Protein chains: 2
Amino acid sequence: MAVKTPEDDGTVQPERGLLSEHIRAVLIDEITIGQIPPGTVLDEAQLGERFQASRTPVREALRQLEAAGLIEIRPRRGVVVLPLTRRNLSEMFEVTAEVEAMCARFATNRMTALERYEIIALHESAAQLVEDNNVDKYDEANARFHDAIYRATHNDFLVEQALQLRVRLLPFRRTQLRQEHRVQASHAEHNLLIRAMTRGDSAEAAVIMREHMLNASDALMRFLARTEPSDLG
Amino acid sequence: MAVKTPEDDGTVQPERGLLSEHIRAVLIDEITIGQIPPGTVLDEAQLGERFQASRTPVREALRQLEAAGLIEIRPRRGVVVLPLTRRNLSEMFEVTAEVEAMCARFATNRMTALERYEIIALHESAAQLVEDNNVDKYDEANARFHDAIYRATHNDFLVEQALQLRVRLLPFRRTQLRQEHRVQASHAEHNLLIRAMTRGDSAEAAVIMREHMLNASDALMRFLARTEPSDLG
DNA sequence: GATGATTTGTACGTATGTATA
DNA sequence: ATATACATACGTACAAATCAT
């Protein structure tokens, strides 16, 4: 990220030019992290003040967030962070499960020996985090594990699509890891996945990956049903 | 599209407000159609003049095109329409084939009787266009056929993703239809697909759809190899 | 390599449409 | 229902960087 000086309020200053890039990056972060919750109305002037910028670059950043599907711009009526209904969420997870399954299948058939080694190494280094039940660190390791699989597909466009999907589901994928015994289960599922991949069974790898993602989705949906019965949906 | 008066130069005027929306829509059209070829450098002032607008809405539209992956904005160095290398194109077709296969699988399992009827009707009404070898009309009918399958997945997010992919490959999907006997082949493949779908064989439907798309991709690649051996990657 | 021309990036002012009293 | 307040949409102006010469 093109930043230089962290400020007191958590804001950062871009190195030079392209304020809108910076604003976009920060806002995407904060929205996907959940720091700016769905339904929040964003005020252009306010954002400009916060980023020490005029409204022009703010507006340009907002257009990009809109194109990314994170916010809705209602002409002359303001900008609102899109609420994900439970249904939308479920649909997105379903598609994500299929895309990740696609990645697993391609990766099984195309990964180099080095890539296979990296995937296994990432998996094994996560074992300790599971034992410690270190959810945050496992979350990061998990992301790197999936990243490695994306890259092993040798399809940059697919990598891009998979990453975009993940960004949009980021806060939810985190949440589900905290439910039930998802960290342990996740690691065990990864183990099965690697076995299928190393023996070159791409169809089975796809099935396992799909199940893996749907398990995560189910855990999340049960959690949401328990905690937010009124909102979402 | 939110337009009112067609102008002589093909430009249109938006009803009021949200000029950037209008500019974005037109530019996306022209770029995907191929009217603005890859590598073209877009000039903000020039675009502003053309759309009778200042640079502000133009820039907002450009940010959206960037987020859509159609152009690249190089800070202080201008905007270029992204060239699709042959490799990129191949990767995009590969992903598209999988996504469409996913749609076929879901649609097989979830379509209502009405949706199944619609899909079959669209298919059969295209038969005449095949006989007439009316490529343009078949192209449109083909789009509606695939649309109907998207919708039958009952997953709006997936529909959205599939549509976005198609927009980006639009000119190429058209091109391939003009090659070899792709119109006839396409229709025959649709026929096989419908058979699998109507007998509820979702796995087979997915396989057929994947092949269908890869056949289109192959035809296109052969065409490009023949016509543009230097350009495109 | 320096200088002028061109173009981008940002700020700001004004008008218009929306919401509220 | 009308008016008032407010936020957005767009245009214009200026600054800074790139490029052409």
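Just after α3(A), A:Gly69 takes a positive phi of about 85 degrees. Keep in mind that this is a predicted model, and then walk back into the helix itself. At 1.5 Å a residue, the 13 residues of α3(A) should span 18 Å, and the end C-alpha atoms sit 18 Å apart, so the two figures agree.

Much of α3(A) is tucked away: A:Pro57, A:Val58, A:Arg59, A:Glu60, A:Ala61, A:Leu62, A:Arg63, A:Gln64 and A:Leu65 are buried. What lies over them? The cover includes α1, α2 (44–50), β4 (71–74) and β5 (78–81) from chain A, along with α1 (19–33) and α3 from chain B.

That helix also faces DNA. Around strand C there are 21 residues, and A:Leu19, A:Ala53, A:Ser54, A:Thr56 and B:Glu44 come nearest. Both protein chains pitch in here: α1 (19–33) and α3 (55–67) of chain A, plus α2 (44–50) and α3 (55–67) of chain B, each supply at least two residues of the surface near strand C. The largest share, three residues, is from α3(A). Sorted by class, this surface holds six nonpolar, seven polar and eight charged residues.

Now look at DNA strand D. Of the 22 residues around it, A:Glu44, B:Leu19, B:Ala53, B:Ser54 and B:Thr56 come nearest. On this surface, α2 and β5 of chain A and α1 and α3 of chain B each provide at least two residues, and α3(B) gives the most, with three. The class split near strand D is eight nonpolar, seven polar and seven charged.

Stepping back to the whole of chain A, you'll find domain 1 (2–81) and domain 2 (86–227). Their centres, taken over C-alpha atoms, are separated by 29 Å. Where they meet, four residues of domain 1 are in contact with four residues of domain 2. On the domain 1 side of that meeting point there are one nonpolar, three polar and no charged residues.

Next comes the contact between the chains, which takes 23 residues from chain A and 24 residues from chain B. On the chain A side, α3, α4 (86–110) and α8 (156–177) each supply at least two residues. The largest share of that side, seven residues, comes from α4(A). By class, the chain A side divides into nine nonpolar, six polar and eight charged residues.

As for the interior, the largest nonpolar core has 86 residues, and A:Cys103, A:Ala104, B:Cys103, B:Ala104 and B:Ile149 touch the most other members. Take A:Ala104 as a way in. Leaving aside neighbours within four places in sequence, A:Ala104 is in contact with A:Ile149, A:Leu193, A:Met197, A:Ala205, A:Ala206 and A:Met209.

Finally, a couple of backbone oddities. Most residues other than glycine have a negative phi. A:His154, though, has a positive phi near 60 degrees, and this residue lies in the loop between α7 (135–151) and α8 of chain A. Is A:His154 buried or exposed? Partly exposed, because A:His154 has 15 C-beta neighbours inside 10 Å, and a buried residue would need 20 or more. Over in chain B, B:Arg76 also has a positive phi, near 60 degrees. B:Arg76 is in the loop between β4 (71–74) and β5 (78–81) of chain B. With 8 C-beta neighbours inside 10 Å, B:Arg76 counts as exposed.

Technical notes
Residues are numbered from 1 along each chain as its sequence is written. Chains are lettered from A and ligands numbered from 1 in the order in which they are written. This is a predicted model: local features need pLDDT of at least 70, side-chain atom pairs count only at pLDDT 80 or more; totals for chains, interfaces and linings use all residues. A residue is near a molecule or strand if its C-beta atom, placed from the backbone, lies within 6 Å of it. Helices (H or I, at least four residues) and strands (E, at least two) are DSSP runs, numbered from the N terminus. Ala, Val, Leu, Ile, Met, Phe, Trp, Tyr, Cys and Pro count as nonpolar, Asp, Glu, Lys and Arg as charged, and the others, Gly among them, as polar. A nonpolar core is a set of buried Ala, Val, Leu, Ile, Met, Phe, Trp, Tyr and Cys residues joined through C-beta atoms within 7 Å. A residue is buried if 20 or more other C-beta atoms lie within 10 Å of its own, exposed if 12 or fewer, and partly exposed in between; C-beta atoms are placed from the backbone. Two residues are in contact if their C-beta atoms, placed from the backbone, lie within 7 Å. The expected span of a helix is 1.5 Å times one less than its number of residues. Domain bounds come from an automatic or database domain assignment.
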